[in-house]
Amino acid sequence: MTSGIGSGLGLRHEHYEEILAAPGKVEWFEALSENYMVAGGQPLDWLDTFRRDYPMALHGVSLSIGSIDPLDERYLADLETLIARVEPMWVSDHLCFTSLRGINMHDLLPLPYTEEALDHVAERVMRVQDRLQRRLVLENVSSYVTYAASEFTEWQFIAELCKRADCEVLLDVNNVFVSAFNHEFDPMDFLRGIPRERVRQFHLAGHTNNGTHIIDTHDHPIIGGVWDLYAEAVRLFPGTPTMIERDANIPSYAELLAELDVARGIAERVTAREAAEPALGGAEG
Amino acid sequence: MTRSNAGSLADLQRAFQDYVLESSDAFAVQVRDTSKADRVTLLDVYRDGYALRLIEVLTIDFPGVLAMAGRESFDVLTRTYIANHPSRHPSVRWFGRQLADFLATTAPYDSTPALAEMARFEWALGETFDSVDAEPVGAEDVMAVPPEAWETIVFAPIPSLRRLVFAHDVPPSWQRREEVEPGTLEVAALDGPVPWMIWRPERVSNFRSLESDEAAMLGAMIERQPFPALCEALLPYVEEDQAAARAAGLLRAWVEEGMIGSFSH
């Protein structure tokens with residue numbers, strides 16, 4: 001999917017003043033939905049301030065779309081209120097479960113990739129989409145365990161979910177890299193398995209490699225291997241908006257902008273190369 | 001397929017959650033080792049991360065409690081809280097809501113009541129920070145009230161206003177939280193309980209202590225009593241012929257401080 005919206009960063013309170021002082025450095029911001037599900041005060045004041053100048057995407061962490069708990073009506077109502085306020089380009093969350101038996105784990109717990117889970121998630125995605133009157137964009141999560149019960153690969157599961165529920169994908173390139181390392185699959189198999197027309201957005205991030213497994217910590221700069229995979233993702237999903245996530249050890253806005261420029265440079269080089277060699281670009285996907 | 005099928009989505013999710021909450025290790029048989037790591041190492045990424053993530057939230061929301069308790073005790077304290085009060089809200093913003101009550105009622109923390117008071121103060125600050133916005137009433141609005149209306153006029157505070165009573169020197173100590181090594185913040189006991197209020201007239205929250213008569217009048221205002229009753233609330237503290245003037249003075253100060261949200265008569 002080609003939207004041409006360009007590159008964005010996460011909207012973080014640590015950067016509010018720097019963003020004001022250096023306007024126009026990104027094409028859009030991604031706001032973490034839960035941070036703005038409050039009654040008033042500075043969070044909403046800042047959100048409105050930046051929304052006047054930038055398009056925004058809303059990105060949630062607590063929809064818990066895969067849980068066997070009932071959908072959280074209170075959460076959906078809060079999300080609807082926020083959507084009405086922000087009028088976002090798109091609304092995303094994660095393909096996982098975060099709550100169960102009324103307890104919010106505040107972690108992105110992976111699903112087993114089974115026919116039963118697929119039926120369950122597809123039905124819930126369609127209900128949420130009906131309620132929000134828009135397609136949901138779901139992100140592939142980093143995961144550390146492989147269920148013995150899984151019947152599909154993760155990319156097969158995502159592709160089939162998109163088909164059944166008519167939803168879209170937030171392709172987190174770092175998460176593909178992390179999960180490929182942890183579960184010992186070829187990340188290119190993942191990228192090739194995702195339907196081109198369903199990818200709405202890219203995420204990029206850093207991680208922590210413990211040697212035996214990688215943890216998706218979002219607290220380091222993006223590593224070379226993820227940049228290489230990003231180049232492949234740009235080739236396979238041309239024109240997809242890119243955004244860098246940084247949730248800990250947060251550097252200055254200027255430093256993140258410099259990292260975003262690296263992403264822009266890669267996207268420009270890949271796009272130029274593909275334009276020069278259209279036959280190669282069309283060989284896959 | 002039977003009800004007890006261990007591979008069902010519901011059973012797998014429950015077992016996964018039980019593992020993370022450390023109530024059962026049974027989920028381990030449902031996941032695979034890799035060539036590089038055994039399944040327990042991988043599962044413990046989730047188990048360890050669960051507590052660490054919530055401790056981080058409480059560290060941000062309760063820096064004064066951390067400054068009093070010290071890192072080691074804060075870690076024990078928060079792990080106990082996490083085990084006893086799992087999050088019931090989709091946003092971690094609300095996770096610390098019960099910490100003050102937990103500290104007030106759980107040994108050994110209940111023997112240091114200043115800890116619970118600090119937690120209550122910090123939680124109220126957070127509530128005020130992102131509470132409902134309201135434009136405070138201006139002095140010119142109050143001055144335009146016709147004289148006959150003062151018999152029935154009722155004032156209401158802005159929605160962010162919170163009242164607290166401390167038996168310890170909590171807010172002044174909280175202001176020193178970043179100047180001291182964690183674990184060394186002293187919060188002295190006071191001679192008697194002191195009322196405080198926290199409110200946010202615009203973007204920035206304020207807090208200050210209240211005189212006894214001011215606290216009594218504020219309580220009457222919060223109960224939406226009319227202005228003559230606000231004057232009566234002062235009678236235990238001031239002479240009867242001074243009450244109206246004192247009430248008018250306090251009201252003027254509250255308006256100037258952006259505490260009054262509305263009035264009707």
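**Exercise 1. The barrel of chain A**

Task: In the closed barrel of chain A, work out how many strands take part and in which order they run, and then find what packs on the sheet.

Solution: Begin with the sheet itself, which in this predicted model is a closed barrel of 8 strands in chain A, following the order β1-β2-β3-β4-β7-β8-β9-β12 with parallel pairing. Ignoring direction, neighbouring strands of this sheet are turned against each other by 30° on average.

Next, take one pair of strands from the barrel: β1(A), residues 7-10, and β12(A), residues 242-244, pair in the parallel sense over 3 bridges. Within this pair, A:Leu9 stands opposite A:Ile244 in β12(A).

Then turn to the helices. Helix α3 of chain A, residues 73-86, packs on the sheet and touches β3 (56-59) and β4 (91-94) of chain A, with a direction that makes about 170° with that of β3(A). Helix α9 of chain A, residues 253-276, lies across β1, β2 (28-32), β9 (199-204) and β12 of chain A, and runs at about 145° to β1(A).

**Exercise 2. Empty space**

Task: Describe the second largest pocket and the largest cavity by volume, lining and residue class.

Solution: For the second largest pocket, start with the volume, which is about 330 Å³. Its lining is made of 19 residues, and those nearest the centre are A:Tyr113, A:Thr146, A:Ser150, A:Phe152 and A:His183. Helices α5 (154-165) and α6 (173-183) of chain A each give at least two residues to this lining, which by class holds 8 nonpolar, 7 polar and 4 charged residues.

For the cavity, note that a search of the whole structure finds 1 cavity of 30 Å³ or more, and that the largest cavity has about 40 Å³ of space. Among the residues lining the largest cavity are A:Leu95, A:Asn140, A:Ile158 and A:Cys167. At least two lining residues come from each of β7 (136-139), α5 and β8 (168-172) of chain A, and the lining of the largest cavity divides into 6 nonpolar, 1 polar and 2 charged residues.

**Exercise 3. The open sheet of chain B**

Task: Identify the edge strands of the sheet β2-β3-β4 in chain B, and describe the helices that lie across these strands.

Solution: The sheet is open and has 3 strands, which stand in the order β2-β3-β4 and pair in the antiparallel sense. Since an edge strand pairs on one side only, the edges are β2 (162-168) and β4 (206-209) of chain B. Neighbouring strands are turned by 25° against each other on average, with direction ignored.

As a closer look at one pair, β3(B), residues 189-199, and β4(B) are joined in the antiparallel sense over 4 bridges, and B:Ile198 has B:Phe207 in β4(B) as its bridge partner.

Two helices can now be added to the picture: α6(B), residues 113-129, lies across β2, β3 and β4 of chain B at about 160° to β2(B), while α9(B) lies across β2, β3 and β4 of chain B at about 145° to β2(B).

**Exercise 4. Two packed helices**

Task: Decide how α9(B) and α11(B) are oriented to each other, and name residues at their contact.

Solution: Helix α9 (residues 212-222) and helix α11 (residues 240-256) of chain B pack at an angle of about 75°, and their axes are 11 Å apart. Angles of 65 to 115 degrees count as roughly perpendicular, and α9(B) and α11(B) are therefore roughly perpendicular to each other.

At the contact, B:Asp213, B:Glu214, B:Met217, B:Leu218 and B:Met221 from α9(B) meet B:Arg246, B:Ala247, B:Leu250, B:Leu251 and B:Trp254 from α11(B). Sorted by class, the residues of this contact are 7 nonpolar, no polar and 3 charged.

Note on methods:
Residues numbered from 1 in each chain as written. Chains lettered and ligands numbered in written order. Predicted model: local features only at pLDDT ≥ 70, side-chain atom pairs only at ≥ 80, totals over all residues. Heavy atoms only, no water. Axes fitted to C-alpha atoms, helices over the stretch in contact; angles between N-to-C directions. Parallel < 35°, antiparallel > 145°, perpendicular 65-115°, else oblique. Contact = heavy atoms within 4.5 Å. Nonpolar A, V, L, I, M, F, W, Y, C, P; charged D, E, K, R; others polar. Pairing = 2+ DSSP bridges. 1 Å grid on protein atoms, 1.4 Å probe; cavity = no way out; pocket = protein on both sides within 12 Å on 5 of 7 lines; lining within 4 Å. Points joined across faces, edges and corners; volume = space filled by probe spheres on them.
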